[in-house]
Amino acid sequence: MLRRILLSPSGLIGLLLLLVIVGMALSAGYVFPKGPWALVARPYMWPGQRPGLLFGTDSLGRDILAAIFYGARVSLLVGFVATVCALAIGITVGAVAGYFGRGFDAVLMRITDAFQTIPGFLFAIVLVSILSPSVQNIVIAIAMVSWPPVARLTRAEVLRVRETEYVQSCKIIGMSTPRIILTQVLPNSLSPVIVVAAVLVATAIITEAGLSFLGLGDPNVMSWGTLINVGRPSIRSTWFIAVLPGLFVILTVLALNLLGDAINDALNPHFRKR
Amino acid sequence: MISASPAPLLDVEGLSILLKEKKRPDVAAVDDVSFSVAPGETLALVGESGAGKSLTALALMRLLPKTLGVAAKRITLDGRDLTAPSDNEIRAIRGSVMAMIFQDPLSSLNPVLTVERQLVEAIRLHEPISKADARRRALELLEMVRIPAAATRLAEYPHRLSGGMRQRVMIAMALAGRPKLILADEPTTALDVTISGQIIDLLMELQRDLGLGMLFITHDLHVVRTVAHRVAVMYSGRIVETGTVDEVFATPRHPYTEGLIQARPHGSFAVDGHRLREINGTVPVPAARPSGCAFEPRCARAEADCRAQVPPLVPDNDEGRAFACFHPLQERVA
Amino acid sequence: MTERTAKRLAIDDMVVEHRSRGGIVHAVAGVSLDLAAGETLGLVGESGCGKSSLARAIVGLNTPKSGSIRIDGQPTDTRRRGAQARQIQMVFQDPYGSLNPRSSVRELVEEPLSVHRLGSKAERRARAKELLERVGIPLAMHDRLPHQLSGGQRQRVGIARAIALEPKIIICDEPVSALDVSVQAQVLNLLLDLQREQDLTFLFISHDLEVVRYVSHRIAVMYLGVIVEIGPAEGIWSLPLHPYTRALMQTAGDAERVAATGPVVKLASELPNPLNPPSGCRFRTRCPLAIDRCSRDVPSLEDFGNGHRVACHRASEWAPQAMSGAA
Ligand SMILES: Nc1ncnc2c1ncn2[C@@H]1O[C@H](COP(=O)(O)OP(=O)(O)OP(=O)(O)O)[C@@H](O)[C@H]1O
Ligand SMILES: Nc1ncnc2c1ncn2[C@@H]1O[C@H](COP(=O)(O)OP(=O)(O)OP(=O)(O)O)[C@@H](O)[C@H]1O
Ligand code: SF4
Ligand code: SF4
Ligand SMILES: [Mg+2]
Ligand SMILES: [Mg+2]
């Protein structure tokens, strides 16, 4: 599986890019021990203007590169945690609705429909403005709007897998229902969900950046969106303040999408070599 | 190959079908196969899954995917040389001289067109007649394949028909161009016993009435006995034995033919407790075919020479009996 | 078959319905069957006549609308699968679909043992090895995944899994239909060897009449959810009495010999819509021998001697005198 992903060019590029960004997030504390908020130089310094300030400084004289390193932490954290929450909700709902059917299915899918009709970004804005803008609330808001597709996908796969003869044969040997769902149905249903998960992480990162850009981000953390927001007023002159973090958002999203494609191809039996 | 009848309708000599693989050398999925079909005659091509039966039929129709290569010493159909036909030649022949019936009619009928539309199109492809005439002929065809209330069935879509009815429509489609040769690839395998019996009866009657030649592909020995005059037994891409149905069933000479006949249940275990004769192992895929006789690893009569060389299909008598085995069974099985 | 007081498996008036888009399908419309220990009952009939529905109800995959199942005289609640699993197991038709693609061969055979917490881990492992060897899977293949096996080998693994819990009864739903002829013989021999060794009772479903004749002590013929004829295998094979059975046998065995024993029945049409079965005798819409009475009265199974029972108003007309005298 991993080999198949690495063998495809998009998978390799995606994985390498993602590793670089994860590396940035992990090493932020060592590379920039003073943190992202420290005023290190004159404001509005262009990239490379002074050695050691590779990306220049922002409107307050903070190191943009440091902000990007620390921003990677926030983006990845929000992206992954929100996705894990969305997967947990979505897979549970989808598995229960798909496996048990009937009443469970009707009620759970009605709820899923309701959530899916809510425009995601607007809902996140509303939720974060009502609650306080903290990383935790942002994660909750994003998870709340991103689980419905996971639930639908899981349900569809579970519906298919539960009718297979190998699941029937587990019923006949007397296996308990939870064990059937956990050991038989879910492992054979989740491959398409993994692909979606990669895209969900990307969407969550964009949503977080968007919220921070609107000033609805957690004021205690430096995120890529915050930095874009800081650079916005002077976009005509010192454009790099907004563009550089924007580039990283794009790179991360690209990496995740490439990876998602590669996983999809690797899982798709039609492309699989026998 | 020697054929009993003077002028065969279809004569195939040395047909090979190559699986082209990127890294490995080409593998012959069908390896140097020769057979012929006379007008009014049914030749059954029988063998287990993966023997190359469908590939053989598809190669004749030139319906193989591009990844497969076809080579033949000679193919003649109704006096025409089809060894290396052009696209135009093949289009002219497909349907009008030679038509094919598939195992799964649903996948070969267009789901969004009515039975009538599809029949009319097929008819007008081969005959320049008016739509009204074509419609009349479509109805005739459905009656010919014994579809009850044929007039009302014309307006149906294929998925609304039962499996047996669909197969009848397929047969009607195949007959639309008034072919002389029918290639039937497991036409009854997907059907129930009773329905399959009906379809076989129908094919046999049509063949008699229209004087069609038929290449009937099946893995069911019982069906072979019912429909065919002659039989060719295929194993792993090669014909291992051929002859008239009566002869081959009464005195199989190739160990595989004998094994295949014996493996089918004949009586009752409950009555006499006899075990079925097994053939050990499984059919090899073309790429893993042994270098000598393909049946050697499973054969009880195998000796050293069987591994060294592929046994050729040698004629045994003047009536087209032939088998490919170095140590054949005796004429009368003791 | 000698009569025993408590049958190994007794199915009484089983009714199974399916809800479908068009309405309710009465897939099994009141079927009663008895199977003795060590006996094979063959069940034949056209596609859609309800064979699998009956089989699945017996193993508890369908909830029957009514009817009861007793094992050795003990009533069994089909919904309590856990308790029943050790008594009844099933072998499926599709050797590709009936094994979890992610489990190794050994895991698949250990699974029933671990579900029922039989033995320690090491003991289960040893037992799985033993079972796999018994069904002819060499040790080198025990760690393979199902897709790395041939169809016949997969079916052997399915059989090892079914006998792991030492059941008394195995429901075989078309166990060899998907296999090549040469492999069919291997699997049939294995099933019959196991039956002899373990005194297993088989309900053997197949559309291949020659296979059913070979394995069965008795044969039951099903049509549109009901049993129309049942009796000793050789009796049904050589002297089918129900018109439907006669039609089946004429397509399978040698038609002439069957024809000599009574009317020739050729089926012209196909199975009627199961949503709306015919009144009276369910076979009457296809029966060339139908009379007025057939649309009014539902024929019940009548004994023609030697346990050969037939549900047809006219069967006595062509049953040999000796047989109908016994009725
Ligand atoms: N398009 C293809 N590409 C590669 N290999 C193929 C292709 N089609 C068939 N084969 C291989 O060629 C061999 C012969 O296949 P073929 O379909 O002719 O068998 P068959 O005798 O018709 O069997 P069956 O009874 O299963 O229909 C098989 O081993 C098959 O895997
Ligand atoms: N889950 C289901 N939902 C609705 N209808 C069903 C379901 N399962 C079976 N049926 C219907 O019940 C009838 C009996 O089906 P069943 O599968 O028992 O037949 P069968 O005799 O096993 O056929 P086959 O030989 O094709 O396996 C058919 O008409 C079928 O369409
Ligand atoms: S040639 Fe040899 S191996 Fe092949 S079938 Fe004959 S005896 Fe067996
Ligand atoms: S009861 Fe009547 S319709 Fe039914 S099988 Fe007998 S003769 Fe035919
Ligand atoms: Mg084929
Ligand atoms: Mg079935």
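Accessible areas come from the Shrake-Rupley method with a 1.4 Å probe, and for residues only the protein chains shown count as cover. With that idea in hand, we can look at chain B, which exposes about 14700 Å². Carbon and sulfur atoms supply 52% of that area. Please keep in mind as you read that this is a predicted model.

**Chain B**

Let us stay with chain B for a moment. There are 13 helices and 13 strands in this chain. How does its radius of gyration agree with that of a compact globule? For 334 residues, a compact globule would have a value near 20 Å, and chain B has 21 Å, which agrees. Its C-alpha atoms fill a box of roughly 65 × 55 × 45 Å along the principal axes.

**Chain C**

Now turn to chain C, which has 13 helices and twelve strands. The radius of gyration of chain C is 21 Å, close to the 20 Å that the globule rule gives for 327 residues, so chain C is as compact as a globular protein of that length. The C-alpha trace of chain C spans about 65 × 40 × 40 Å along its principal axes. Chain C exposes about 13100 Å², and carbon and sulfur atoms supply 46% of this area.

**Burial, contacts and charges**

The table sets out burial and contacts for each chain. The last column gives the share of contacts, among those with a separation of 6 or more, that residues 24 or more positions apart account for.

| Chain | Buried residues | Share of contacts 24 or more positions apart |
|---|---|---|
| Chain B | 53% of 334 residues | 64% |
| Chain C | 58% of 327 residues | 63% |

What about charged side chains? Chain B has 39 positive and 40 negative ones, and the centres of the two sets lie 6 Å apart. In chain C there are 40 positive and 36 negative side chains, with the two centres 5 Å apart.

**A closer look at one strand**

In a regular strand the side chains alternate between the two faces of the sheet. Strand 6 of chain C, residues 88–91, is a nice place to see what lies on each side. Which residues of this strand are on one side, and which on the other? Ile88(C) and Met90(C) are on one side, while Gln89(C) and Val91(C) are on the other. These four residues are all buried, and both faces of the strand are covered.

Strand 6 also has a partner: it pairs with strand 7 of chain C, residues 169–173, in the parallel sense over four bridges. Within this pairing, which residue stands opposite Ile88(C)? In strand 7 of chain C, that residue is Ile169(C).

Conventions
Residues are numbered from 1 along each chain as its sequence is written. Chains are lettered from A and ligands numbered from 1 in the order in which they are written. This is a predicted model: local features need pLDDT of at least 70, side-chain atom pairs count only at pLDDT 80 or more; totals for chains, interfaces and linings use all residues. Side-chain values use heavy atoms; hydrogens and water are left out. Helices (H or I, at least four residues) and strands (E, at least two) are DSSP runs, numbered from the N terminus. The radius of gyration is taken over C-alpha atoms; the globule rule is 2.2 Å times the number of residues to the power 0.38. Buried means under 20% relative accessible area, exposed over 50%, partly exposed in between (1.4 Å probe, protein chains only). Contact means heavy atoms within 4.5 Å. Lys and Arg count as positive and Asp and Glu as negative; His and the chain ends are not counted. The place of a charge is taken as NZ of Lys, CZ of Arg, CG of Asp or CD of Glu. Two strands pair if DSSP finds at least two bridges between them.
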